[in-house]
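Visitor: Got a minute to walk me through this one? I'd like to start with the sheet, then go over the charged pairs.

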Amino acid sequence: MYSDFKTISTYYDALYVNDREYAPEAAKVKELLTKHGVPPRADLLVLACGTGGHIPYFKDDYHVSGLDLSENMLALARKKFPGLRFHYGNLINFELETDFDAMICLYGSIGFVKTVDNLRSSMKHIIAHLRPDGLVLITPWSTVEEFQDIIVVDATDKPGLKIARMEHVRLKEPKIVEVTFHHLLGIRNEVTYHKQSMEIGLFSRQEYLSAMTDAGLKIVEEYTGTDVRGGAYIGKRIVR
Ligand SMILES: C[S@@+](CC[C@H](N)C(=O)[O-])C[C@H]1O[C@@H](n2cnc3c(N)ncnc32)[C@H](O)[C@@H]1O
């Protein structure tokens, strides 16, 4: 089942989107796109774009559009970037009328497709929308090799909005991670509690790479720097 971002979308930007992580991540992604031949003004599709947290860093250099499966997240993105196009669609089976020079899928969002079959289907739909020499950059949601059970703790303190979060990330089944969000929200004079669990697919490095290469992508780089959360697999659609 699809992980619903309805409640979390209402405070997603306040809790997760910040210059500290998003700015260096986007800068490195841009550098990697350029290094692998994506020119300025290229058509760039941001997959699982959410509220468009990365878009401010890309929109002046590329023709940016976004795709996501949450109407709530898309509504926020559309409000923030009224001049850009946002498509409602599923990574696993999206069909758009346009093709792109590059696609990016950041912050491990690909893990939400949950199964290896869905991962492979996503890669087929990605390459089907890539122009010749087009590039795709995917940040994995951890990998079987690197996964560790953790409890994340953090807090946000903004005028009129305070959020304390603990998120329990644990292996539920051999290839499924369950993230349980415990969010305490202080809005004006009231404190409420939101608890929600989401399931995320845990794939091996090889499963990511095979899904890409079997779809017809040539792996041009595996980036492992920590400025891009999760690192990145970068594939190119080579047409001879
Ligand atoms: C953790 S958020 C990340 C959003 C954004 N990439 C960011 O870094 O801020 C994950 C996003 O993936 C989207 N998503 C989950 N499953 C999806 C799917 N199958 N197809 C498209 N989007 C999906 C969710 O709606 C959500 O907006």
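Guide: Sure. One term up front: two strands count as paired if DSSP finds at least two bridges between them. Also, this is a predicted model.

Visitor: Okay. What order do the strands of the open sheet come in?
Guide: That question is about the seven-strand open sheet. The order is β3-β2-β1-β4-β5-β11-β10, and the pairing is mixed.

Visitor: Which strands stand at the edges?
Guide: β3, residues 85–88, and β10, residues 217–223. Each has a single partner strand, so one side of each is left without a neighbour in the sheet.

Visitor: How are neighbouring strands turned against each other on average?
Guide: By 20°, with direction ignored.

Visitor: What packs on the sheet?
Guide: Helix α5 does, residues 116–128. The helix touches β1 (43–47), β4 (100–105), β5 (130–138), β10 and β11 (232–237). Its direction makes about 140° with that of β5.

Visitor: Back to the β3 end. How many bridges join β2 to β3?
Guide: Four, and the two strands run parallel. β2 covers residues 63–68. For a residue pair to look at, Leu67 stands opposite His87 in β3.

Visitor: And β1, is that strand largely enclosed or open?
Guide: Four of the five residues of β1 are buried, so the strand is largely enclosed by the rest of the structure.

Visitor: In which sense does β1 pair with β2?
Guide: Parallel, over five bridges. There, Leu44 stands opposite Val64 in β2.

Visitor: What about β1 with β4?
Guide: That pairing is in the parallel sense too, over four bridges. Leu47 stands opposite Cys105 in β4.

Visitor: Switching to charges. How many salt bridges does a search of the whole structure find?
Guide: It finds 20.

Visitor: Which residue does Asp43 meet in a salt bridge?
Guide: Arg131, at 2.9 Å, N to O. This pair links distant parts of the chain: Asp43 is in strand β1, Arg131 is in strand β5, and they are 88 residues apart.

Visitor: Why does Asp43 count as partly exposed?
Guide: Because its relative accessibility is 21%, and buried means under 20%. Arg131 has 27%, so it counts as partly exposed as well.

Visitor: What does Asp101 form a salt bridge with?
Guide: Arg131 again, with the closest N and O atoms 3.1 Å apart. Asp101 sits in strand β4 and Arg131 in strand β5, 30 residues apart, and this pair also links distant parts of the chain. Asp101 is at 22% relative accessibility, so it counts as partly exposed.

Visitor: Where do the side chains of Asp157 and Lys162 come in?
Guide: They meet in a salt bridge at 2.7 Å, N to O.

Visitor: Does Asp157 count as buried or exposed, and what about Lys162?
Guide: Asp157 counts as exposed, at 60% relative accessibility. Lys162 counts as partly exposed, at 46%.

Visitor: Last one. Which residues are linked in a network of salt bridges?
Guide: Lys114, Arg170, Lys172, Glu178 and Glu199 are linked that way.

Note on methods
Residues numbered from 1 in each chain as written. Predicted model: local features only at pLDDT ≥ 70, side-chain atom pairs only at ≥ 80, totals over all residues. Heavy atoms only, no water. Axes fitted to C-alpha atoms, helices over the stretch in contact; angles between N-to-C directions. Contact = heavy atoms within 4.5 Å. Buried < 20%, exposed > 50% of the residue type's maximum accessible area, 1.4 Å probe, protein only. Salt bridge = Lys/Arg side-chain N within 4 Å of Asp/Glu carboxyl O.
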